[in-house]
Structure formats: C-alpha cells, structure tokens
Amino acid sequence: MTAISTNPVVSMLDKCKSLCELRQIHAQMIKTNLLNHQFTVSRLVAFCSLSGVSGGLDYAASVFSRIQHPNSFIFFALIKGFSDTSNPVESLILYARMLSCLNYSSGVEFSIPSVLKACGKLLAFDEGRQVHGQVLKTHSWFDPFVGNSMVRMYIDFGEIELARRVFDRMPNRDVVSWNSMIAGYLKAGEIELASELFDEMPERDLVSCNAMIDGYGKCGRCELAEKVFETMSDKDVVTWTSMISAYVQNRCPVKALDLFREMLSLGLRPDGPAIVSVLSAIADLGFVEEGKWLHAYVSMNKIELSSGFIGSALIDMYSKCGYIENAYHVFRSISHRRNIGDWNSMISGLAIHGLAREALDIFVEMERMDIEPNEITFLGLLSTCSHGGLVEEGQFYFESMHEKYKIVPRIQHYGCMIDLFGRAGRLEDALGVIQNMPFEADLLAWKAILSASMKHGHIEIGKSAALRAIELAPDDSSSYVLLSNIYAKAGRWDDVAKIRLMMRQRGVKKIAGCSSMLVNGKVHEFLVGKELDRSYSSQVLAKIAEVVSRLKLQGYEPDLTQVLLDIEDEGKESLLHLHSEKMAVAFGLIHINKSAPIHIVKNLRVCCDCHCFMKLVSKVYNRQIIMRDQNRFHHFENGCCSCNEYW
C-alpha cells in the first residue's frame with residue numbers, strides 16, 4: 001500500500017490543473033496497471049470529483065462506470081461531488097445504489113451529510129425524511145456533522161419547526177448547530193426566535209454575531225445590530241460590512257460612512273459588498289465629493305470594478321449625485337464586460353435625469369450586442385418613458401417585455417404603466433391597468449393615481465385612490481397630504497380640516513420639507529418650520545428677499561395655489577419664500593463660486609412655485625442649479641429645466 005501511495009504517477013494527481021493533464025495521468029495508470037488497486041482508483045475518482053478541475057466530475061462518473069466493485073469511499077467522493085452542483089439528483093441515485101450493494105457498517109454513513117444536502121437543494125422532502133429515519137436507527141445520530149446537515153436540510157425545505165425539533169433533540173450540539181438554527185430563523189424572518197436562541201448560545205463566534213448583525217439590520221432593528229457589533233472583541237471584514245450594510249438599509253448613510261472610515265483607519269481592506277454599501281450610502285446623501293474619494297480609493301488599491309458589483313454601484317452613485325457625465329464615463333469603461341447590472345444602472349440613471357432618448361439608445365445598443373435584458377431592465381425603461389412622457393414607447397416596451405423576451409411583468413412593471421398613463425393625464429387608462437392586472441393594486445399604484453389626480457384636478461378619482469392608499473398604509477402621511485392638497489386647490493377647506501383632524505386623531509405627522517447641500521465639506525440642512533443657524537440666517541433671509549425682488553422684475557408671480565392653508569395672500573407669499581429649496585439656493589448663491597453648479601437634495605417633490613423660481617434664478621443669476629427631489633433630477637440652466645415641465 002505504501003509503495004502504491006507514493007508512486008510518482010499517483011503523486012502527480014496533486015499537481016494536476018486541467019482535464020487534459022488528468023487524462024494523461026489516467027493513461028499512465030492504465031499502462032502501469034495501477035488501476036488494479038482499489039486505493040489508486042479511489043484516489044483518481046476522489047480527485048476528479050472534488051478537485052474543482054473543469055469537467056472533472058463528469059470524468060469521475062465515466063471512470064466510476066467501469067469499476068465493478070466500488071467501495072464506500074468511491075461512492076462518498078462522487079456523492080459529495082454531485083451534492084455541490086446545482087442539480088444534485090445524481091447524489092440520491094448513487095446513494096440508493098450504494099445501499100443496495102454495501103453494508104451500512106462499511107462506511108456508508110460518511111455520505112449521509114452530502115445526501116441530506118442534496119435533498120435540501122432538490123426540496124426532496126420524502127427522500128429527506130427517509131434518510132432521517134435511517135440516521136435515527138444508527139450511531140450516526142450522535143455525530144454533530146450529521147445532525148447539523150439535517151437541520152440545514154429542513155431549513156432548505158422551509159420547515160423551520162421541524163428543523164428546531166431536530167436541533168432540540170440532537171444528543172451532541174456544537175457551535176455550527178447553533179449557527180445553523182439561527183441562520184434558519186433569520187432566513188424565515190423569525191428575528192425574535194433567532195434573537196432568543198442567540199442569547200442562549202453557550203459560546204458565540206464570528207459567524208453567529210455576523211449573522212445577527214445582518215439579521216437585525218434587514219428587519220430594521222439597527223440599534224440591536226449596533227449592540228452586538230460593539231460587544232464583539234474580534235471583528236472581521238464581514239462584521240464591518242454587515243454593520244455598514246445595516247446602517248445603509250436603515251437610512252443612516254452618515255453612520256455608514258463614518259464606520260467605513262473607521263474600518264480603513266484600522267488597516268482593514270474592505271471587500272466588494274462593503275464598498276457597494278458605502279456607495280449606496282453616498283448615493284442616498286447625494287454628495288459627490290465622498291463618492292469621488294471612494295472611487296479614487298478603489299482605483300489606487302486596484303480593486304476590480306467587477307468585484308461585488310462595484311461598477312454598477314459607481315454608475316448609480318454618480319447618477320444619484322447629479323453627475324450623469326461621470327456615470328456615463330464609468331459605464332463606457334466597463335460596458336465591454338456585458339454585465340447586465342451595469343447597463344441597467346446606466347438606463348435608470350439617465351431616466352432620473354430626464355434623458356429619456358439617451359436611455360432608450362442604451363437599450364437599443366444592448367439589443368444590438370445581444371445582451372439579454374431582465375425584469376430590472378424593463379423597470380428602468382418603463383420609468384424612463386414615464387418620466388419622459390413617452391406614452392407610446394412605454395406601451396411598446398411593456399408589450400415587448402412579455403411578447404419578445406417572455407418576461408412575466410411583475411406588479412412593479414404594472415405600477416410603471418399606471419404612473420405613465422397618470423402623468424400623461426390618461427387616468428381612465430391608468431385605472432384600466434389596475435382593473436386588468438393579475439394583482440391587487442399596491443400602495444404605490446394608488447399613490448400614482450392620487451398624484452395624477454392632484455396634477456390634473458380629478459377630485460373624486462383622487463379621493464377614491466387616497467382612501468385605498470390610506471387603507472393599505474394608515475401611517476403614511478403622504479396619502480393624507482395629497483388628498484388634503486386636492487381639496488385645498490378646489491377651495492374645499494372643510495374637507496381639508498377633516499383630513500387634518502383625521503391625521504391628528506391617528507397620530508400621523510406630515511413629513512417636513514428638507515433641502516440639504518454640501519458646501520466646503522460641511523452639510524447644510526434647510527428645514528421648513530425650523531429656525532436657521534444664527535450664523536447665516538440673516539444672510540439667507542436677506543438673500544431670498546433680494547432674489548424675489550429681482551425675479552419679480554422679470555415677471556415672477558408667486559403661485560399662491562401652492563400654499564394649502566386658508567389664510568390671506570400676503571401670508572401665503574411669506575410662507576412660499578421659506579420653502580426649503582429657496583433657502584438652499586439663496587445659501588448657494590452666497591457661498592458657492594459662480595463658476596460651480598449649485599447642488600441641492602430635496603426630500604419631497606419640488607412644488608410648482610419653487611420649480612418656476614429655480615428656472616428664473618438660473619436665468620437672472622446665470623447659474624446652473626441641479627436639484628434632486630423625491631422623484632428625479634432637475635437641471636436648471638438659462639431659464640429652462642431638463643424635465644421639460646414633465647415631473
């Protein structure tokens with residue numbers, strides 16, 4: 001046996017790197033009669049099955065078919081190899097054959113974890129139960145590796161209660177057992193049960209802590225994720241990435257950025273997911289300076305843009321920060337990769353900037369390059385058509401989606417069509433989509449109808465849509481506010497009062513308008529109803545008064561219909577002047593160099609009066625103003641807006 005195991009031909013397997021080399025070694029084994037020895041055949045099959053050499057598993061199956069009396073190790077190697085594939089049915093076939101020709105005591109039990117894994121992947125519940133029954137009849141039940149595999153199998157089945165029953169009855173549990181059960185609860189959305197089990201763990205490790213940080217983050221319990229993070233003495237890259245992602249998912253982009261900088265200061269190299277999460281945080285904030293810094297870090301450290309979708313995230317970040325040219329430059333540098341995510345990000349980025357034709361051109365280029373679009377591609381296209389007022393094109397792409405590309409539209413695609421028709425004033429068509437689609441209309445669908453009713457003055461349709469939206473999300477203030485605004489525009493002040501009373505009774509608070517901007521490395525926020533920083537409040541108010549006076553000389557008339565309060569016109573005009581975006585642009589005129597654009601991020605949709613105000617400011621003061629509101633970008637220049645009055 002020693003002579004065979006040290007034979008130079010057998011030893012060559014450890015250095016084999018390709019199927020071609022494998023065939024040569026196999027040929028040498030045949031010529032030297034080494035295949036007459038069970039050990040040599042076992043080594044050959046095991047290497048083919050488990051080494052990861054391309055085509056190795058199929059070659060192992062070919063060798064196996066010529067073995068008259070395979071032993072349990074040969075079966076084990078093949079069963080394990082097939083269990084790691086996307087379609088592991090061959091593992092179950094081989095296991096059944098092994099049971100028919102070998103005694104259970106001859107090593108069959110070593111294959112059980114791989115068989116349980118195959119059952120879980122295939123959702124083969126009956127077969128899994130049979131293997132479970134076999135395990136209970138043998139000493140294998142005392143092996144934690146087998147028990148853990150069984151827990152994971154039931155989790156794969158979605159049978160979380162059965163998984164817990166196995167876990168509770170395991171005679172021997174290790175840290176993997178606890179981690180598997182916690183991961184199962186998190187996967188099933190049972191955060192409370194996962195938390196209880198985590199608290200009961202006799203010994204926690206990195207895996208369990210990282211899982212809980214990720215789980216708490218995804219369910220909106222960021223404070224609990226922070227608590228776990230802060231109590232950990234040892235942290236790896238996954239720990240930091242999970243906490244950063246938790247901040248991003250819970251709309252705490254500043255905390256995400258701060259934690260990322262702390263991570264770098266400790267000398268840790270971030271992975272792809274960490275960088276993608278931070279880019280997402282920067283995109284939420286809308287401040288490109290941070291994004292440019294991170295882009296430079298990626299370039300200096302030679303981090304591939306293909307790592308963890310960094311390229312797509314960079315395109316998205318630049319787009320959402322108002323720098324569509326930078327986004328396009330990144331896209332062109334990586335578009336040869338044919339990664340559908342990059343193309344989708346570019347289409348969506350162009351859409352929010354009102355560059356509808358350019359977005360459609362990107363899709364035409366995609367088709368020409370035979371890059372297969374997916375459902376996200378069509379969400380971007382339909383959104384493009386909606387923001388650009390391209391009704392016929394939107395209908396064409398919606399039909400093309402399911403007729404040409406066989407992609408079944410989801411509720412989000414129908415929502416885009418509802419929004420498309422609603423923005424164009426075709427509310428009957430929008431309602432027709434709701435009536436005919438194979439889903440119950442969701443909150444976004446009814447809010448699209450509500451917004452369109454507000455824009456086009458359809459009071460009764462708006463009222464009906466608002467009531468449906470409020471029924472679906474009673475704590476969402478925007479539906480109440482939009483209905484109140486519809487009534488106010490129609491002068492129905494009694495109905496306005498009723499809506500506001502309803503909001504007070506239900507404890508629903510209106511979201512205040514807030515505009516922010518980054519000037520000289522500092523974030524400045526302007527909030528409706530909040531007192532300005534004393535260091536610049538008088539400057540800003542004086543500047544607003546100056547701007548209004550100059551604009552009135554150019555024909556500006558404040559749109560008093562945008563003040564939805566039953567007060568005197570003079571009071572309405574004063575309130576209009578203190579809209580957050582007006583304060584922000586006044587601050588920008590004072591503090592931002594005349595050659596640089598003024599970038600503003602607004603949390604709500606810009607009102608008609610402020611939109612007109614910004615156009616005139618761009619003309620009178622010869623300034624470029626780039627504003628991101630709740631829905632899209634507005635590029636104001638020389639008295640015009642990129643939205644072409646369609647927002």
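**Pocket, core and sheet in a predicted model**

Tutor: In this predicted model, the lining of the second largest pocket draws at least two residues from each of α6 (72–83), α8 (112–122), α10 (144–157) and α12 (175–187).

Student: Which helix gives the most to that lining?

Tutor: Helix α10 does, with seven residues. The pocket has a volume of about 420 Å³, and 23 residues line it. Those closest to its centre are Pro 113, Ser 114, Phe 145, Ser 149 and Arg 152.

Student: Why is Pro 113 called a lining residue?

Tutor: A lining residue has an atom within 4 Å of a pocket point. Pro 113 is listed among the residues that line the pocket, so an atom of Pro 113 meets that cut-off.

Student: What makes Met 243 a member of the largest nonpolar core?

Tutor: Membership requires a buried residue of a listed type, Met included, joined through side-chain atoms within 4.5 Å. Met 243 belongs to this core of 166 residues, and therefore satisfies those conditions. Along with Val 45, Met 150 and Ile 418, Met 243 touches the most other members. Leaving aside neighbours within four places in sequence, the contacts of Met 243 include Ile 213, Phe 229 and Leu 259.

Student: How do you know that β1 and β2 pair?

Tutor: Pairing requires at least two bridges. Strand β1 (residues 514–519) and β2 share six bridges in the antiparallel sense, so the criterion is met. Ser 516 stands opposite Glu 525 in β2.

Student: Why is β2 called an edge strand?

Tutor: In the open sheet, ordered β2-β1-β3-β4-β5-β6, β2 (522–527) pairs on one side only, as does β6 (640–641).

Key. Residues numbered from 1 in each chain as written. Predicted model: local features only at pLDDT ≥ 70, side-chain atom pairs only at ≥ 80, totals over all residues. Heavy atoms only, no water. Buried < 20%, exposed > 50% of the residue type's maximum accessible area, 1.4 Å probe, protein only. Contact = heavy atoms within 4.5 Å. Helix = DSSP H or I, 4+ residues; strand = E, 2+ residues; numbered from the N terminus. 1 Å grid on protein atoms, 1.4 Å probe; cavity = no way out; pocket = protein on both sides within 12 Å on 5 of 7 lines; lining within 4 Å. Points joined across faces, edges and corners; volume = space filled by probe spheres on them.
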